[in-house]
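Student: I would like to learn how to read the features of a model such as this one, step by step. Could we go through it together?

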Amino acid sequence: MNAALRRIITGAMALSLAAPLAACGNGNDDTGAHEESVGLLLPESKAARYEAFDHRIIESRISTLCLQCTVEYRNAGAQVDVQKRQFQALVKKGVKVIILDPVDAQAAKSWVDEAAKKGVKVVAYDRLAEGDVAAYVSYDNEKIGQLQGKGILDALGSQAANADVVMLNGSPTDPNAPSFKKGAHDVLDHKVHKIVYETDVPEWSTAEAEKDLKTVIKDRGTAGFDAVYSANDGMADGAAEALKSAGMKDIPLGGQDAELPALRRLVNGTQAFTIYKQVRPEAETAAEIAFRLLRGKSIASFTSTTADSKSKTGIPAKLFKAQIVTKDNLKDTVIRDGVVPADWLCTKDVATACKSLGLD
């Protein structure tokens with residue numbers, strides 16, 4: 001997504017979330033934290049959702065729950081060391097609850113454990129950080145992988161049993177990535193002919209995904225595979241470019257996150273599906289849990305299940321359900337929910353296709 005479009009989305013979301021926002025606290029000063037501060041650490045800004053949605057929704061919800069509360073927000077820019085410094089600075093400032101979406105879940109263990117010993121409650125958000133976290137809010141990631149596998153099979157249709165598939169999996173430092181991979185394999189294995197190439201893409205890099213797929217095309221030729229599984233929409237962007245450069249059309253390509261460029265690819269037929277995860281309920285639940293932990297209240301009503309990490313079992317958790325989005329249900333999902341207005345989606349280059357789908 002280009003910078004101009006990101007600014008448009010951010011501005012529009014600010015209007016749509018027109019409630020008093022808690023103080024962002026983007027500075028890195030070590031002055032004492034407000035008595036009722038909540039830390040919010042997001043991992044990166046490549047995925048459009050973090051700045052445009054998660055950050056703003058969490059701040060807005062906390063401000064409505066607690067007028068005197070402040071939110072100390074940082075984004076790590078996909079740098080583990082940066083996030084470590086951000087986390088430790090919040091603990092030093094006296095922040096008692098931190099919502100953490102880790103760049104590297106394993107690397108976060110020592111910080112989380114050290115903070116827990118000091119009475120700091122950590123809410124693992126979207127990705128399950130290792131260590132003594134107090135709660136976890138995300139989606140059922142194996143089920144998301146299963147949905148992605150189903151999306152590939154549905155797109156292949158009657159050709160699935162004879163199809164060769166390329167798999168571009170998520171970043172090896174993201175604890176969700178193995179779950180997506182496992183879920184996808186659960187569905188694809190023995191249902192397609194063969195997984196002919198598979199790799200984990202560092203940092204969910206669009207450029208790396210494009211490079212990897214171009215290598216596959218060079219090695220196997222344009223008839224060397226029949227579909228591409230991409231663990232998210234950012235990497236699907238790179239995969240779509242690789243397919244386009246090779247003149248390959250009608251190759252089912254799937255992603256995840258329902259990002260705007262991906263939704264446009266659904267409309268123009270260069271991406272078969274994406275996975276829609278409603279950010280608002282996830283973000284608002286994380287905010288509710290953080291507020292309750294801050295006030296010493298029970299979170300049982302917000303954590304209907306438990307989750308296990310490598311280092312802790314029985315973590316109170318809330319796991320939401322996701323759904324497949326194709327061009328045929330755009331109107332009844334992301335557009336209906338107001339995530340992407342039709343006029344954002346239906347730009348001039350896809351206007352004719354939008355009209356044929358009844359989206360104009």
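Tutor: What follows is a walk through disulfides, helices, loops and empty spaces, and it should be said early that the model is predicted.

Student: Let us begin with the cysteines. How many disulfides are there, and in what pattern are the bonded cysteines joined along the chain?

Tutor: The general idea is to look for pairs of cysteine sulfur atoms within 2.5 Å. By this rule there are two disulfides, and when the bonded cysteines are counted along the chain, the pattern is 1-2, 3-4. One disulfide is formed by Cys 66 and Cys 69, with 2.0 Å between their sulfur atoms, and another joins Cys 346 to Cys 354, with an S to S distance of 2.1 Å.

Student: Which disulfide is right-handed, and which is left-handed?

Tutor: Here one reads the torsion about the S-S bond. For Cys 66 and Cys 69 the torsion is about 80 degrees, so this disulfide is right-handed, whereas for Cys 346 and Cys 354 it is about -90 degrees, so that disulfide is left-handed.

Student: Are Cys 66 and Cys 69 buried or exposed?

Tutor: Buried means under 20% relative accessible area, and Cys 66 and Cys 69 are both buried, as are Cys 346 and Cys 354.

Student: Turning to helices, how does the span of H10 compare with the span expected at 1.5 Å a residue?

Tutor: The expected span is 1.5 Å times one less than the number of residues. Helix H10, residues 279–295, has 17 residues and should therefore span 24 Å, which agrees with the 24 Å between its end C-alpha atoms. Helix H6, residues 176–188, can be read in this way too, since its 13 residues reach 18 Å from the first C-alpha to the last, close to the 18 Å expected.

Student: How many residues of H10 are buried, and what covers them?

Tutor: H10 is mostly covered, with 12 of its 17 residues buried; among them are Val 279, Glu 282, Phe 291 and Leu 294. The cover includes strands S1 (37–42), S3, S4 (121–125), S5 and S12 (315–320), together with helix H2 (49–65). Just after H10, Gly 296 takes a positive phi of about 75 degrees.

Student: Which residues of H6 are buried, and what covers them?

Tutor: The buried residues of H6 include Asn 176, Phe 180, His 185 and Leu 188. What covers the buried residues includes strands S5 (135–139), S6 (164–169), S7 (194–200) and S8 (227–230), as well as helix H5 (141–156). Just after H6, His 190 has a positive phi of about 75 degrees.

Student: Where in the loops does a residue that is not a glycine have a positive phi?

Tutor: One case is Trp 204, which is not a glycine and yet has a positive phi of about 55 degrees; its place is in the loop between S7 and helix H7 (206–220), and Trp 204 is buried, with a relative accessible area of 11%. Another is Ala 258, which also has a positive phi of about 55 degrees without being a glycine. Ala 258 lies in the loop between strand S9 (253–254) and H9, and it is buried at a relative accessible area of 6%.

Student: What is Asp 101 in contact with, leaving aside its neighbours within four places in sequence?

Tutor: Asp 101 is found in the loop between strand S3 (97–100) and helix H4 (109–117), where it counts as buried at 0% relative accessibility. Leaving aside those neighbours, its contacts include Leu 41, Pro 43, Tyr 50, Tyr 125 and Arg 127.

Student: How should I read empty space, and which residues line the largest cavity?

Tutor: Rolling a probe the size of a water molecule over the atoms shows where empty space is left. The structure holds one cavity of 30 Å³ or more, and about 110 Å³ of space lies in the largest cavity. Its lining includes Pro 43, Arg 127, Asp 174 and Trp 204, and by class the lining has four nonpolar, two polar and five charged residues.

Student: What is the volume of the largest pocket, and which residues are the closest to its centre?

Tutor: The largest pocket has a volume of about 670 Å³. Of the 30 residues that line this pocket, Arg 265, Asn 268, Gly 269, Thr 270 and Gln 271 are the closest to its centre. The elements that give two or more residues to the lining are H5, helix H8 (233–245) and helix H9 (260–268). By class, this lining has 11 nonpolar, seven polar and 12 charged residues.

Terms used: Residues numbered from 1 in each chain as written. Predicted model: local features only at pLDDT ≥ 70, side-chain atom pairs only at ≥ 80, totals over all residues. Heavy atoms only, no water. Buried < 20%, exposed > 50% of the residue type's maximum accessible area, 1.4 Å probe, protein only. Helix = DSSP H or I, 4+ residues; strand = E, 2+ residues; numbered from the N terminus. Contact = heavy atoms within 4.5 Å. 1 Å grid on protein atoms, 1.4 Å probe; cavity = no way out; pocket = protein on both sides within 12 Å on 5 of 7 lines; lining within 4 Å. Points joined across faces, edges and corners; volume = space filled by probe spheres on them. Nonpolar A, V, L, I, M, F, W, Y, C, P; charged D, E, K, R; others polar.
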